[in-house]
Amino acid sequence: CHGKPCPPQPLDVAARKAELVAVQARDHTDSRQTWDKVWISRDDKIFPLTNMQRAWPKTANILERPHVPFTAWQTWDEIIT
């Protein structure tokens, strides 16, 4: 999209379901994760913005994007900086 917002892509429901089932099946027993940067999407149709703000009160950056906001960036360097 070369620096402009990309148009929304059709949702592949079967692929998203398979992804969520795979995440749920993982063993998270010994998993500890800390986050120094979190993006939450104002236009998220899955997780309400208010819930995400409550979950990430100090690290959240609000994006004007949908649930999967990666079209906002062109490279991984843009994401991690």
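Q: What separates Arg16 and Glu19 by about one helical turn?
A: Arg16 and Glu19 are three residues apart in helix 1 (residues 13-25), and therefore about one helical turn lies between them. Helices (H or I, at least four residues) and strands (E, at least two) are DSSP runs, numbered from the N terminus. The model is predicted: local features need pLDDT of at least 70, side-chain atom pairs count only at pLDDT 80 or more, and totals for chains, interfaces and linings use all residues. Residues are numbered from 1 along each chain as its sequence is written, and side-chain values use heavy atoms, with hydrogens and water left out.

Q: Why is the meeting of the Arg16 and Glu19 side chains called a salt bridge?
A: A salt bridge requires a side-chain nitrogen of Lys or Arg within 4 Å of a carboxyl oxygen of Asp or Glu. The N to O distance for Arg16 and Glu19 is 2.9 Å, so the pair is a salt bridge.

Q: What makes Arg42 partly exposed and Glu64 exposed?
A: Buried means under 20% relative accessible area, exposed over 50%, and partly exposed in between (1.4 Å probe, protein chains only). Arg42 has 39% and is therefore partly exposed, whereas Glu64 has 53% and therefore counts as exposed.

Q: Which residues form a salt bridge at 2.7 Å, N to O?
A: The side chains of Arg42 and Glu64 do so. Arg42 lies in the loop between strand 1 (38-41) and helix 2 (49-55), and Glu64 in the loop between strand 2 (60-63) and helix 3 (76-80), so the pair ties together parts 22 residues apart in sequence.

Q: Why is Ser41 called buried?
A: Its relative accessible area is 5%, so Ser41 falls under the 20% limit.
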